Amino acid sequence: MKFEEIRNNKEILAFLNKGNENLGILGFTDHSEAHCMLVADRVHIF
């Protein structure tokens with residue numbers, strides 16, 4: 001998926017947010033959306 005597709009997809013963002021909630025309970029920081037955007041940008045280059 002491209003950056004814009006992730007950024008504009010409410011379903012994907014809902015999954016990321018739910019994952020962040022669960023990881024937050026375990027003490028991890030919120031960075032799932034940022035990571036997805038980074039990966040999407042790098043994959044898009046190829």
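A salt bridge is a side-chain nitrogen of Lys or Arg within 4 Å of a carboxyl oxygen of Asp or Glu. The exercises below apply to a predicted model, in which local features need pLDDT of at least 70, side-chain atom pairs count only at pLDDT 80 or more, and totals for chains, interfaces and linings use all residues. Residues are numbered from 1 along each chain as its sequence is written, and side-chain values use heavy atoms, with hydrogens and water left out.

**Exercise 1.** Find the salt bridge and place it in the fold.

Solution.
- Start with the count: the rule gives one salt bridge.
- Name the partners: K18 and E21 pair through their side chains, at 3.5 Å from N to O.
- Locate them: both sit in helix α2, three residues apart, about one turn of the helix. (Helices are DSSP runs of H or I, at least four residues; strands are runs of E, at least two; numbering starts at the N terminus.)
- Recall the principle: side chains of opposite charge can pair when their charged atoms come close.

**Exercise 2.** Classify K18 by its accessibility, then E21.

Solution.
- Set the cut-offs: buried is under 20% relative accessible area, exposed is over 50%, and partly exposed lies in between (1.4 Å probe, protein chains only).
- K18 has 45% relative accessibility, so K18 is partly exposed.
- E21 has 48%, so E21 is partly exposed too.
- Across the protein, 15% of the 46 residues are buried.

**Exercise 3.** Which helix has the highest mean pLDDT, and which the lowest?

Solution.
- List the elements: three helices and zero strands.
- Define the score: pLDDT is the predictor's confidence in each residue, from 0 to 100.
- Compare: helix α2 (residues 10–25) is highest at 85, and helix α3 (residues 32–45) is lowest at 68.
- Check the whole: the protein averages 76, and 80% of the residues score at least 70.
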